[in-house]
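Trainee: Could you take me through one part of this model closely, and connect it to what surrounds it?

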Amino acid sequence: MEKNYLTVEEAAAYLNTRVRFVRRLIAERRVAFHKVGVHVRFAVADLEEFIQAGRVEPITRASVIRDLGRAA
């Protein structure tokens with residue numbers, strides 16, 4: 001059975017980071033989370049959305065030419 005919600009420790013393992021980083025994301029409201037009483041839980045879909053939001057596309061020749069055209 002796949003878990004739909006993760007604890008802070010499980011979210012840190014999922015993101016391959018430390019618990020401290022996840023707690024900072026919570027404090028800064030940079031990632032969606034759910035409060036269950038005093039506990040914090042993360043939906044796996046919300047963590048995936050956070051990861052995708054930080055995606056950076058590689059530089060290609062076409063993108064460099066396009067960006068240089070904007071600067072002129």
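Trainee: At what relative accessibility does E9 stand, and does E9 count as buried, partly exposed or exposed? Please take a close look at helix α2 and its surroundings along the way.

Mentor: This is a predicted model, in which local features need pLDDT of at least 70 and side-chain atom pairs count only at pLDDT 80 or more, while totals for chains, interfaces and linings use all residues. Residues are numbered from 1 along each chain as its sequence is written, and side-chain values use heavy atoms, with hydrogens and water left out.

E9 has a relative accessibility of 45% and therefore counts as partly exposed, the classes being buried for under 20% relative accessible area, exposed for over 50%, and partly exposed in between (1.4 Å probe, protein chains only). The partner of E9 in a salt bridge is R23, with 3.8 Å between the closest N and O atoms; the pair links distant parts of the chain, since R23 lies in helix α2 and E9 in helix α1, 14 residues apart. A salt bridge here is a side-chain nitrogen of Lys or Arg within 4 Å of a carboxyl oxygen of Asp or Glu. R23, at 44% relative accessibility, is likewise partly exposed.

Helix α2 itself spans residues 19-27, and V22, L25 and I26 are buried in it. These three cover an arc of only 100° around the axis, which puts them on the same side of α2, the arc being that of the directions from the helix axis to the C-beta atoms. Helices (H or I, at least four residues) and strands (E, at least two) are DSSP runs, numbered from the N terminus. The buried residues of α2 pack against α1 (8-15), β3 (39-43) and α3 (44-53), where contact means heavy atoms within 4.5 Å. On the face turned away from this buried side, α2 carries the exposed residues R20 and A27, and the helix is followed by R29, whose phi is positive, near 55°.

One of the elements packed against α2, strand β3, belongs to an open sheet of 3 strands in the order β1-β3-β2, with antiparallel pairing; two strands pair if DSSP finds at least two bridges between them. The edge strands, each pairing on one side only, are β1 (5-6) and β2 (34-36). Helix α3 packs on this sheet, touching β1, β2 and β3, and its direction makes about 65° with that of β3, where axes are lines fitted to C-alpha atoms, for helices over the stretch in contact, and angles run from 0 to 180 degrees between N-to-C directions.
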